[in-house]
Amino acid sequence: MAPAYGDVLFNRASLTIETANGPVLLDVEIADTDPKREQGLMFRRSLSENQGMIFLFGREREITMWMKNTFIPLDMVFIGDDWRVVSIAQNAEPFSTDVISSRRPASRVLEIGAGQAKKLGLKVGDRVSLKK
């Protein structure tokens with residue numbers, strides 16, 4: 001069953017990242033509508049190491065995010081139309097309204113716990129796949 005937070009219901013999927021150290025498998029919630037993208041991980045108090053949320057945007061562009069009402073420090077992995085990592089923002093500060101930019105065109109953002117990108121060895125160019 002998909003978890004609901006407020007009035008927003010998130011579907012789950014398996015996400016794989018092909019890293020130099022081998023594949024990484026994550027259980028992710030999918031934010032694929034405006035209400036889901038607006039809610040994101042706000043108000044959550046915890047996130048397991050093997051979990052995350054992927055934000056799916058309709059077209060490739062510079063994506064900006066923030067941490068307003070987000071209790072959990074996060075890493076943000078920006079992914080292009082070709083499903084490759086284009087940039088990584090590490091250790092986003094909880095509750096901050098500072099803008100976090102993809103710095104390059106992207107169409108997806110994977111949010112995982114702070115420090116996970118480094119721990120998992122994620123790098124620009126890694127290939128990502130999503131199995132709904």
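**Close-up views of a predicted model**

**Figure 1. Asn 69 sits in the loop that joins strand 6 (64-65) to strand 7 (74-79).** Strands here are DSSP runs of E with at least two residues, helices are runs of H or I with at least four, and both are numbered from the N terminus. This is a predicted model, in which local features need pLDDT of at least 70 and side-chain atom pairs count only at pLDDT 80 or more, while totals for chains, interfaces and linings use all residues. Residues are numbered from 1 along each chain as its sequence is written, and side-chain values use heavy atoms, with hydrogens and water left out. Asn 69 is not a glycine, yet its phi is positive, near 60 degrees. Is Asn 69 buried, partly exposed or exposed? Its relative accessibility is 27%, so Asn 69 counts as partly exposed. The classes are buried under 20% relative accessible area, exposed over 50% and partly exposed in between, with a 1.4 Å probe and protein chains only.

**Figure 2. The whole chain: 2 helices and 11 strands.** The order from the N terminus is β-β-β-β-α-β-β-β-β-β-β-α-β. The radius of gyration is 13 Å, close to the 14 Å of the globule rule for 132 residues, so the protein is as compact as a globular protein of that length. That radius is taken over C-alpha atoms, and the rule is 2.2 Å times the number of residues to the power 0.38. The C-alpha trace spans about 40 × 35 × 30 Å along its principal axes. Buried residues make up 49% of the 132. Of the contacts between residues at least 6 apart in sequence, 68% join residues at least 24 apart. Contact means heavy atoms within 4.5 Å.

**Figure 3. Surface and charge.** The accessible surface is about 7,000 Å², and carbon and sulfur atoms hold 48% of that area. Areas come from the Shrake-Rupley method with a 1.4 Å probe; for residues, only the protein chains shown count as cover. There are 18 positive and 17 negative side chains. The centres of these two sets lie 2 Å apart. Lys and Arg count as positive, Asp and Glu as negative; His and the chain ends are not counted. Each charge is placed at NZ of Lys, CZ of Arg, CG of Asp or CD of Glu.

**Figure 4. Strand 7 is mostly covered.** How many of its 6 residues are buried? The count is 6 of 6. Leu 74, Met 76 and Phe 78 point one way. Asp 75, Val 77 and Ile 79 point the other way. In a regular strand, side chains alternate between the two faces of the sheet.

**Figure 5. The hairpin of strand 7 and strand 8 (residues 85-92).** The two strands run antiparallel and share 5 bridges. Strands count as paired if DSSP finds at least two bridges between them. Phe 78 has Ser 87 as its bridge partner in strand 8. The hairpin has 5 residues between the strands. Trp 83 takes a positive phi there, near 65 degrees.

**Figure 6. Strand 10 (residues 106-113) pairs with strand 5 and with strand 7.** Both pairings are antiparallel: 5 bridges link strand 10 to strand 5, and 6 link it to strand 7. On the strand 5 side, Ile 54 bridges to Leu 110, and Arg 61 stands opposite Ala 106. On the strand 7 side, Met 76 is partnered by Glu 111 and Asp 75 by Ile 112. Why is strand 10 described as largely enclosed? Its residues are buried in 8 of 8 cases, so strand 10 is largely enclosed by the rest of the structure.

**Figure 7. Strand 4 (residues 22-31) beside strand 5 (residues 51-61).** These strands run parallel and are joined by 5 bridges. Val 28 stands opposite Gly 52 of strand 5.

**Figure 8. Pro 23 belongs to strand 4.** Its relative accessibility is 61%, so Pro 23 counts as exposed. Neighbours within four places in sequence aside, Pro 23 is in contact with Thr 16, Ile 17 and Glu 18. The C-alpha atoms of Pro 23 and Val 77 are separated by 16 Å, with the two residues 54 apart along the chain.

**Figure 9. Arg 103 lies in the loop between strand 9 (100-101) and strand 10.** Arg 103 also has a positive phi, near 65 degrees, and is not a glycine. At 58% relative accessibility, Arg 103 counts as exposed.
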